[in-house]
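Notebook open, model loaded. I'm jotting down what I look up as I go.

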Amino acid sequence: MLFESLRDWQSRRRRFSEEWEFHRDQMAAELRASGLRQSEVRKIVRRRLGRKSRWRRAALKEIGGDWRALLRCYRPSRCPSPWVAPAWLALALVILFVCNPLRWQMLSSFISEPGDYVPIRKMLVIPADFARLIWGTLLISAAMWLARTGRGLRISLYALLLLVLLAALGVFLWIAAIQASIAIKWPSDLLEGSILLGFFFAYFWASLLTAKRWRADVASRCPVCLKRLRFAMTRGRSCDVLVHPLELESICLEGHGALREDYWSSRFQPSAGFWKDLAASGSE
Amino acid sequence: MAPPDQIERIPQGTLHLLVLRILAAGPMHGHGISRRLAALSDDWLQLEEGSLYPCLYRMERRGWIRSEPGVSENNRRARFYSLTDSGHKQLRAEQEGWRNFSSAVESVLKGA
């Protein structure tokens, strides 16, 4: 599923090349049939058809075969596959590790136990307890939330995988930021201290916001196929809180069920495949 | 055939109209479209033929034409383009627009 978009994109790129080659060969064959020499044929074909690189770019842009289109395909919010987000996070981790000149220090700081490190200026191990504490707390809270909501083992494992990757990326980013702050020659200790303090607060808030987004993302996925639920519509009446309270209903496009969220709770109602029911009622 | 100094480049914005008109006769591949365009204009109108493909893809994206794989007259795999219902409507609208435009230019030329 993850590679479907890539295959589709590659076929769009191939399509232009195949059409171009067909056009060029047909034209060359016609010119050769009129008695022209090979060198003349090549020259005329190049003049009449134009430069391939020039038209290729414009054509691929129109057909959705350019690099921008590929990136668009793999935007987690756009791609139906649930594995795009973990793949992006894993890729970000690899990039962060590979591009870091002090990558082994990053790794040893990542796996070192609290208290193992020596003073920061010796540049051996970067203290990452603050980041680990935040992400550890978030992981425990998330596990408790998943256990309480009871939406199924598959979605819980997926959600935990996503959060573990986020946590690893968060700790890596923390270590990279501290490495950068050590490498910079600060004009004064006050400035360095103020910026680090600001960074601590920003990191804290960014971690909380990320966890909030993660929770919203997990809540809006089908527990069976892990794809995002779509076609949200409101039901009930805002003035009738007791009998018909206002609720938001989103459905799984694969027909696995519907999520109903109201002010107090959210529950997923599994279905045996409502597309089948719909098709059966349509054929009657 | 037009002498080389009298060959006209296709004015910007009219390629859609010409391609739609050619495809109204039936499905055709990219090379066929450019050959037909040259034949119908007696080689007066020429385009850099590579520019046809961005134009065809744009028209396909807008839903005016559709493309299907097929086999050419010399047994090669090719992609054939044909007009959709929306393309027929677009052709009528563009023909109307072009006629209005050319009659407006004509009346200015006559009056000057």
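Leaving aside its neighbours within four places in sequence, which residues is B:Leu56 in contact with? I get B:Val19, B:Gly30, B:Ile65 and B:Tyr81, with contact meaning C-beta atoms, placed from the backbone, within 7 Å.

Ground rules: this is a predicted model, where local features need pLDDT of at least 70 and side-chain atom pairs count only at pLDDT 80 or more, while totals for chains, interfaces and linings use all residues. Residues are numbered from 1 along each chain as its sequence is written, and chains are lettered from A in the order in which they are written.

Next I looked up the largest nonpolar core (buried Ala, Val, Leu, Ile, Met, Phe, Trp, Tyr and Cys joined through C-beta atoms within 7 Å; buried means 20 or more other C-beta atoms within 10 Å). It has 23 residues, and B:Leu56 is among those touching the most other members, as are A:Ala59 and B:Tyr53. Chain A's α3 (52–63) and chain B's α1 (15–23), α2, α3 and β4 each give two or more residues to this core; helices (H or I, at least four residues) and strands (E, at least two) are DSSP runs, numbered from the N terminus. A second, separate core of 21 residues includes A:Val171 and A:Ile175.

Then the interface: 14 residues of chain B are in contact with 16 of chain A. On chain B's side, α3(B) supplies the largest share, five residues.

Last stop, A:Arg151, in the loop between α7 (129–149) and α8 (153–183) of chain A. I find A:Arg151 buried, because 20 other C-beta atoms lie within 10 Å. Its C-alpha atom is 7.7 Å from that of A:Phe268, 117 residues apart along the chain.

Conventions. Two residues are in contact if their C-beta atoms, placed from the backbone, lie within 7 Å. A residue is buried if 20 or more other C-beta atoms lie within 10 Å of its own, exposed if 12 or fewer, and partly exposed in between; C-beta atoms are placed from the backbone.
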